[in-house]
Amino acid sequence: METHSPLIAPDPSDPAYRLVTFTHRGGDCDGVLALLHTVTDKDRHSGDLTQHLMTRQADGETWSITYRLRADHRASYQLHPFRGETPGTGRRDWLRVLDQARPDPHDTEPRLPTRDGRHPSSVLSLPAAPAQPHVRRREDVPRGRTLAHQVAGRRVDVHLPAGHRAGDGPYPVALLLDGEMWGEVLSVGDTLDNLAADGAIPPTVTLLVHTLGPRRPADLSCNPAFVDLLADQLLPWAAAEFGASTDPADTVIAGQSAGGLTAAYAAYRRPERFGNALCQSGSFWWPDETEFDAGSEWLTRRLAAEARLPVRFWIEVGLQEWMLLSQNRHLRDVLTARGYEFAYREFNGGHDYACWRGGLADGLAALLRRPTG
C-alpha cells in the first residue's frame, strides 16, 4: 500500500491536468472532510460540502477522495475526520472545523505552520506550480538577525541582513504588513537571507509591522492615519536607527488580502515615501457598498481618475479566488490604461500563504533588484 499522500497521476484525457487522490486511514469516524484551501471554501460559501467528503473504502479503514486539478496548482490542505453529521457551513461550525482539522499524516512536503493554536497544514504543489527556491531555510547562507521593537505604540520586528551596520547604509527597506505572521510563524527572515545570498535582492532592512490585532479592519482599509504613521514615524525611525533608505524608489510596502489593498493605497497616498507596492490577493473590492457610500473598488476608481503617480506595482492573485479575481484584473486594466509601471500575474491557487510566500520572494526580487550596467 502507498505510504505517502496525496497520490498524483496523469489525467488520461488532458495532459495539462492531474488526478490527485488524498487518503486517510481510520475507522473510528463517520466521515472525513477534505479541506483544500479556497477550493473547499468556495463550496462552503455556497452551503454544500458534499463533493469534499471522502469515500470509505471496502476495508472499512481507508477513506479517499480524488480531485482533478490543473498541473500548476498549489494549495495548503488539511483533513477533518468527524463523528456524527457532516459539519455545517455556518461561521461557527466552520471555525470549529478549522480548529480541529489536521495535516495529512502521510504528506511529503514541509508543512505550513499557522498561528492561534491551530494545527499546521500540509502543502500540495503539483509539478508545474511556480518554483519557490527561496522559501526553505538553507544552512549555507549568512544569517541576518531579527529584533523586536515598539514604534508609535505598534509592535515592529526588524530583520537586518547579514553583516548589517547602520553606517554602511542607506539600505533598501521593505515593510511587510501582518508582520507577526511573516516573522513569528513563517520565518520570512530565512527567505530574506536566501534572496540576499543569491543576489536576488540587495541587503535590505525589513520592517515586520504587526497588524493582525483588533485594529486590523480599521488600519487596513485605506486608512490615511495608518499610512501616515508608517510614512512619518516608522520609516524615519528605521532610517535613523538602521540606515534604511529614505528614497521611495528603494522602499517597498507589501501586503496580502486587506494588506494588499493597503500597500497599493500607501503608494497612492504617499508616493514620496512608498515608491513600490507589492500586492498579493488584494481586497480591491473595498469598500462594501453597504459599509461606505462611495461605491465599491474605490482605490481602483481613484487611480483611474487621477494623474499617473511615480510608483511601481507588483500584483498577483489566485485563479481560485473567485471573490477577488475580477477586481484584480480591473486594477490591472486601469494601471495599463494610465501608463503605470507594473507587473501582474495570476497563480493557480487561492487565498493561501502556501502561494503567497513564494510570491512575496518573487515580488521583492522584482521591485528591489537594482539595474546593472
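How many bridges join strand 1 to strand 2, and in which sense do the two strands run? In this predicted model, strand 1 and strand 2 (residues 17–25) are joined by 4 bridges and run antiparallel. Leucine 7 is one residue to look at here, as it sits opposite threonine 21 in strand 2. The pair belongs to an open sheet of 4 strands, ordered 1-2-5-4, with antiparallel pairing. Strand 1 (7–10) and strand 4 (55–56) are the edge strands of that sheet, and each pairs on one side only. As background, the strands of a sheet pair through backbone hydrogen bonds, in either a parallel or an antiparallel way.

Another open sheet has 3 strands in the order 3-6-7, again with antiparallel pairing. Strand 3 (31–36) and strand 7 are at its edges with a single partner strand each, so one side of each has no neighbour in the sheet. On average, and with direction ignored, neighbouring strands in this sheet are turned by 30° against each other. Between strand 3 and strand 6 there are 6 bridges, in the antiparallel sense. Within that pairing, valine 32 has proline 81 of strand 6 as its bridge partner. Helix 2 packs on the sheet and touches strand 3 and strand 6, with its direction at about 90° to that of strand 3. Helix 10, for its part, lies across strand 6 and strand 7 and runs at about 160° to strand 6.

Next come two helices that pack together. Two packed helices are described by the angle between their axes and by the distance between those axes. For helix 6 (residues 224–242) and helix 7, the angle is about 75° and the axes are 10 Å apart. Since angles of 65 to 115 degrees count as roughly perpendicular, helix 6 and helix 7 are therefore roughly perpendicular to each other. On the helix 6 side, the contact is made by Pro224, Phe226, Val227 and Asp228. On the helix 7 side, Thr262, Tyr265, Ala266 and Arg269 meet them. Sorted by class, this contact has 5 nonpolar, 1 polar and 2 charged residues.

Now for the empty space. Rolling a probe the size of a water molecule over the atoms shows where such space is left. The largest pocket holds about 2000 Å³. Its lining counts 45 residues, and His37, Asp41, Leu98, Arg118 and His351 are the ones nearest the centre. Two or more lining residues come from each of helix 1 (39–45), strand 6 (74–82), helix 2 (91–100), helix 5 (216–219), helix 7 (258–269) and helix 10 (353–368). Helix 2 gives the largest share, 5 residues. So which classes make up the lining of the largest pocket? It divides into 20 nonpolar, 13 polar and 12 charged residues.

The second largest pocket has a volume of about 370 Å³. It is lined by 19 residues, with Pro110, Gln132, Val135, Arg136 and Arg357 nearest its centre. At least two lining residues each are supplied by strand 7 (122–125), helix 3 (179–185) and helix 4 (188–197). The class split for this second pocket is 8 nonpolar, 4 polar and 7 charged residues.

Closed spaces turn up too: the count comes to 2 cavities of 30 Å³ or more. About 80 Å³ lies in the largest cavity. Of the 13 residues that line the largest cavity, Arg74, Pro130, Arg345, Phe347 and Cys355 lie nearest its centre. Strand 15 (341–347) and helix 10 are the elements that give two or more residues to this lining, and the largest share, 4 residues, is from helix 10. By class, the lining of the largest cavity has 4 nonpolar, 5 polar and 4 charged residues.

The second largest cavity has a volume of about 40 Å³. Its lining is made by His159, Pro161, Leu192, Asp193, Ala196, Ile201, Pro203 and Thr204. Here helix 4 provides the largest share, 3 residues. This lining divides into 5 nonpolar, 2 polar and 1 charged.

Helix 10 is worth a second look, as several of these features meet there. Helix 10 lies across strand 6 and strand 7, gives two or more residues to the lining of the largest pocket and has the largest share of the lining of the largest cavity. Helix 2 also links two themes: it packs on the sheet against strand 3 and strand 6, and it supplies the largest share of the lining of the largest pocket.

Terms used. Residues numbered from 1 in each chain as written. Predicted model: local features only at pLDDT ≥ 70, side-chain atom pairs only at ≥ 80, totals over all residues. Heavy atoms only, no water. 1 Å grid on protein atoms, 1.4 Å probe; cavity = no way out; pocket = protein on both sides within 12 Å on 5 of 7 lines; lining within 4 Å. Points joined across faces, edges and corners; volume = space filled by probe spheres on them. Nonpolar A, V, L, I, M, F, W, Y, C, P; charged D, E, K, R; others polar. Pairing = 2+ DSSP bridges. Axes fitted to C-alpha atoms, helices over the stretch in contact; angles between N-to-C directions. Parallel < 35°, antiparallel > 145°, perpendicular 65-115°, else oblique. Contact = heavy atoms within 4.5 Å.
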